[in-house]
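Trainee: Could we go through this structure together? I would like to begin with the strands.

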Amino acid sequence: MAAKTTWTEADPVGFIEAVEPPGRRRDAATLLELMRRATGVEPRMFGSAIVGFGEYHYKYASGTKGDAPAAGFSPRKAASVVYLNDGISAHEDLLARLGPHTHGVGCLYLKDVAAVDLSVLEEIVRRSYATLTGGTYGKRAAEG
């Protein structure tokens, strides 16, 4: 079965420039630069609304396998979403110092990127990226 979301040729900077409202656009521009620094790679669009950086290969015990961005974010209406596919629990020590946020199993939700400690966020992204790109990743975010 083919992955539902794949890499596209869309321009991530053009995508960010069209984000509404302006505050979410500002947050997306901040995340773009932060993730460039943290990963050392240029962004690409993954699907129509995810800005991805680098790629990792995953293979679960169930046999499910594929490729996904090793770091990424999406400027959603309610909040900016930072994807941490190695799982939120892998970053509990840093999340305690991040500032206002909520999270799911593999997603960090930021209503205002300017309100969080960007150096802490950059370290979270850097750590997650290093974990995911260290070889084939075999865990789901819930197992991180």
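Trainee: Which residue takes a positive phi in the hairpin of strand 1 and strand 2?
Mentor: Gly47 does, with a phi near 70 degrees, and three residues lie between the strands of that hairpin. Please note that this is a predicted model, where local features need pLDDT of at least 70, side-chain atom pairs count only at pLDDT 80 or more, and totals for chains, interfaces and linings use all residues. Residues are numbered from 1 along each chain as its sequence is written, and side-chain values use heavy atoms, leaving out hydrogens and water.

Trainee: How many bridges join strand 1 to strand 2?
Mentor: Four bridges join them, and the two run antiparallel. Strands pair if DSSP finds at least two bridges between them; strands are DSSP runs of E with at least two residues, and helices are runs of H or I with at least four, numbered from the N terminus. One of the partnerships is Pro43 with Phe53 in strand 2.

Trainee: New topic: how many aromatic pairs are there?
Mentor: A search of the whole structure finds three. Rings of Phe, Tyr and Trp (its six-membered ring) pair if their centres lie within 6.5 Å; planes under 30 degrees apart are stacked, over 60 edge-to-face, and the rest tilted. Trp7 and Phe46 have ring centres 5.0 Å apart and planes at 70 degrees, so this pair is edge-to-face.

Trainee: Are Trp7 and Phe46 buried or exposed?
Mentor: Both are buried, where buried means under 20% relative accessible area, exposed over 50%, and partly exposed in between (1.4 Å probe, protein chains only).
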